Amino acid sequence: MSNSEKMVVRTYLLLLFRCFYYFMVSRNITTVRLLISYNQGIVYALVCYIAWGLFPVFWKAIVGVPAVNVLAHRIVWSFVFLFIWVCFTDRQTFISYVRQPRLLFRLGLAGFVISANWGIYIYAVTSNHIVEAGLGYYINPLINVFLGYVFLKERLAIMQKIAVVLALIDLSILYDQHS
């Protein structure tokens, strides 16, 4: 097995660890359980993780395009798809959001933060900081679990603890490979 094949196998094994971790940690979120069934959730999670794993390849393929332009396209196309979605779904819900200035401000602020997040991520990938950007995205949920444990006094079930330990092992492997 060549080094590149070993790297692909290692990457997919780490992806499986990540899927297990995110599935086990997010099991207690009732909103997720109400919106999608168990099997659909697994399929959606796998599709998301595969897509997220392939995003850096896409960003590297368009390395000649400035990060700001990529982000602008992302914003514009998100607006287009949101508009189409609103046209084909319950418009009253959308209109009720627009009529609440405080909620609209909070949604706008969230949109700004997500745009800044994506802009930084795209810039990091196009400037050859792929591993650092990936580690940042990977560490964030672990920090959220830690903060929930410390400040909100949330307790993890045994399988969730196993998932967190596996994620920490995965993180240490990634860090060791990078340094």
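Here is a short friendly exchange about a predicted model, taking its labels one at a time.

Reader: What makes the Trp118 and Tyr121 pair edge-to-face?

Author: The planes of the two rings stand at 85°, and over 60 degrees counts as edge-to-face. Their centres are 5.5 Å apart, within the 6.5 Å asked of a pair, so the label fits. The structure holds one aromatic pair, and this is it.

Reader: Where do Trp118 and Tyr121 sit relative to each other along helix α6?

Author: They are three residues apart in α6, which separates them by about one helical turn. An α-helix has 3.6 residues a turn, so residues three or four places apart point the same way.

Reader: Why are Trp118 and Tyr121 called buried or exposed?

Author: Buried means under 20% relative accessible area. Trp118 has 7% and Tyr121 has 5%, so both are buried.

Reader: Glad to have that settled. Now, how do you know which side of α4 the buried residues are on?

Author: The buried residues of this helix are Ala67, Val70, Leu71 and Val86. They cover an arc of only 135° around the axis, which puts them on the same side of α4. On the face turned away from that buried side are the exposed residues His73, Phe79, Phe83 and Phe88.

Reader: And how do you know that the length of α4 agrees with what its residues should span?

Author: Its 22 residues, at 1.5 Å a residue, should span 32 Å, and the end C-alpha atoms are 32 Å apart, so the two agree.

Reader: What makes the nonpolar surface patch?

Author: Leu82, Trp85, Phe94, Ile95, Tyr97, Val98, Leu104 and Leu107 make it, and it comes to about 700 Å². Helices α4, α5 and α6 each supply at least two residues, with α5 giving the most, four.

Reader: Why is Phe94 called partly exposed, and how can it belong to the patch?

Author: Phe94, in helix α5, has 33% relative accessibility. Partly exposed lies between the 20% and 50% limits, so that label fits Phe94. Patch residues need over 30%, and the 33% of Phe94 therefore passes that cut-off as well.

Reader: One last thing: what makes Asn128 and Lys153 stand out in their backbone?

Author: Each has a positive phi without being a glycine: about 65° for Asn128 and near 60° for Lys153. Asn128 is in the loop between α6 and α7, while Lys153 lies in the loop between α7 and α8. Exposed means over 50%, so Asn128 at 56% qualifies, and so does Lys153 at 55%.

Methods. Residues are numbered from 1 along each chain as its sequence is written. This is a predicted model: local features need pLDDT of at least 70, side-chain atom pairs count only at pLDDT 80 or more; totals for chains, interfaces and linings use all residues. Side-chain values use heavy atoms; hydrogens and water are left out. Patches are made of residues with over 30% relative accessible area and no salt bridge: like charges are joined within 9 Å, nonpolar side chains (Val, Leu, Ile, Met, Phe, Trp, Tyr) within 5 Å. Accessible areas come from the Shrake-Rupley method with a 1.4 Å probe; for residues, only the protein chains shown count as cover. A salt bridge is a side-chain nitrogen of Lys or Arg within 4 Å of a carboxyl oxygen of Asp or Glu. Buried means under 20% relative accessible area, exposed over 50%, partly exposed in between (1.4 Å probe, protein chains only). The expected span of a helix is 1.5 Å times one less than its number of residues. The arc is that of the directions from the helix axis to the C-beta atoms. Rings of Phe, Tyr and Trp (its six-membered ring) pair if their centres lie within 6.5 Å; planes under 30 degrees apart count as stacked, over 60 as edge-to-face and the rest as tilted.
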